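Me: I would like to learn how to read strand pairing, a disulfide and backbone angles from a model. Can we go through them one at a time?

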Amino acid sequence: QVQLVESGGGLAQAGGSLRLSCAASGLTFSFYTMGWFRQAPGKERDFAAAVNRDGISTVYADSAKDRFTISRDNAKNTVYLQLDGLKPEDTAIYYCAAVRVGSNRYTPRRTEEYNIWGQGTQVTVSS
């Protein structure tokens, strides 16, 4: 059974940090591009960051650049999202997602490109 399980969310103050983790099981993790998305209340799910199969190539949404860092450990079947300089507008449910992409040079950014999703972890940032 393929499963993605997020953890590490919680309550943080503005300017603080959190580290999100997403543990994958039931798939050959190193074959998959991994992404993080977030969904604020009443809004659509938006792309935050993604990393290709070997962890060398990363892409970020403009809102995440310079504050978020995505990384992966293929030996642990886990992808991470380090959140620094948190702002109240970062409050959202954060989801990890996986997709198997034919080219390791292409890193998807759209929700519809990913076909495996976790249940999400809540991040709340207070001002």
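Me: Which residue in β9 does Gln 39 stand opposite?

Reply: First, a caution: this is a predicted model. Strand pairing is read from bridges, residue against residue. Here Gln 39 stands opposite Ile 93 in β9. That contact belongs to the pairing of strand β4 (residues 33-39) with β9, which run antiparallel and are joined by seven bridges.

Me: How many bridges join β9 to β10, and how many pair it with β11?

Reply: β9 and strand β10 (residues 116-117) are joined by two bridges and run antiparallel. One contact there is Ala 98, which stands opposite Ile 116. With strand β11 (residues 121-126), β9 pairs over three bridges, again in the antiparallel sense. In that pairing, Val 123 of β11 is the bridge partner of Ala 92.

Me: Is β9 largely enclosed or open, and why?

Reply: To judge this, look at how many residues of the strand are buried, with under 20% relative accessible area as the cut-off. In β9, seven of the eight residues are buried, so the strand is largely enclosed by the rest of the structure.

Me: Which cysteines does the disulfide join?

Reply: A disulfide is recognised by the distance between two cysteine sulfur atoms, within 2.5 Å. The count here is one disulfide. Cys 22 is joined to Cys 96, with S to S at 1.9 Å. Cys 22 lies in strand β3 (residues 18-25) and Cys 96 in strand β9 (residues 92-99), so the pair ties together parts 74 residues apart in sequence.

Me: What is the handedness of the disulfide, and are its cysteines buried or exposed?

Reply: Handedness is read from the torsion about the S-S bond. For Cys 22 and Cys 96 that torsion is about 40 degrees, so the disulfide is right-handed. Cys 22 counts as buried because its relative accessibility is 0%. Cys 96 is also buried, with a relative accessible area of 0%.

Me: Where is Asp 66, and what is its phi?

Reply: Most residues other than glycine have a negative phi. Asp 66 has a positive value, near 75 degrees. Asp 66 sits in the loop between β6 (58-60) and β7 (68-73), and its relative accessibility of 84% is why it counts as exposed.

Me: What is the phi of Asn 77, and is the residue buried, partly exposed or exposed?

Reply: Asn 77 also has a positive phi, near 55 degrees. Its place is the loop between β7 and β8 (78-83). At 27% relative accessibility, Asn 77 counts as partly exposed.

Definitions and conventions: Residues are numbered from 1 along each chain as its sequence is written. This is a predicted model: local features need pLDDT of at least 70, side-chain atom pairs count only at pLDDT 80 or more; totals for chains, interfaces and linings use all residues. Side-chain values use heavy atoms; hydrogens and water are left out. Helices (H or I, at least four residues) and strands (E, at least two) are DSSP runs, numbered from the N terminus. Buried means under 20% relative accessible area, exposed over 50%, partly exposed in between (1.4 Å probe, protein chains only). Two strands pair if DSSP finds at least two bridges between them.
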